[in-house]
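Please examine the sequence and the structure shown below. The report that follows discusses how the chain is built.

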Amino acid sequence: MCDSARCPQATHHPCHRPVWASAAASSKVFIGKIGRSQEAEKARLTVEAEQADHVVAIDAALVTATGGAHGDQ
């Protein structure tokens, strides 16, 4: 999963949205199970979940703004 915040060659298309949404959901489940002694891991996963949510939100906004014509494959 290339993240456009880290990789200038990353592309996001509607077919990628389920993968990003799944990554965000999985991260949130793990975050909820992390104990207090693992604050660094919780912080790392929180950032990953927020990035995945951000990618999903951007893609959804593009699809809405273009009437569904966001590079459908």
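Helix α2 covers residues 39-65 of this predicted model. At 1.5 Å a residue, its 27 residues should span 39 Å, and its end C-alpha atoms lie 38 Å apart, which agrees with that expectation. Just after α2, G67 adopts a positive phi of about 70°.

The chain as a whole contains two helices and zero strands. Which residues of α2 are buried? They are L45, A49, A52, V55, V56 and D59. These buried residues of α2 pack against α1, which comprises residues 17-33.

V55 serves as an example from helix α2. Its relative accessibility is 7%, and because buried means under 20%, V55 counts as buried. The residues V55 and H12 are 43 positions apart along the chain, while their C-alpha atoms are separated by 8.0 Å.

The table lists values for the chain as a whole.

| Property of the chain | Value |
|---|---|
| Share of the 73 residues that count as buried | 21% |
| Share of the contacts with a separation of 6 or more that join residues 24 or more positions apart | 53% |
| Exposed area | about 5,000 Å² |
| Share of the exposed area supplied by carbon and sulfur atoms | 59% |

In summary, the buried residues of α2, including V55, face a partner in the chain, since they pack against α1.

Definitions and conventions
Residues numbered from 1 in each chain as written. Predicted model: local features only at pLDDT ≥ 70, side-chain atom pairs only at ≥ 80, totals over all residues. Heavy atoms only, no water. Helix = DSSP H or I, 4+ residues; strand = E, 2+ residues; numbered from the N terminus. Expected span 1.5 Å × (residues − 1). Buried < 20%, exposed > 50% of the residue type's maximum accessible area, 1.4 Å probe, protein only. Contact = heavy atoms within 4.5 Å. Areas by Shrake-Rupley, 256 points an atom, 1.4 Å probe, with all protein chains shown as cover.
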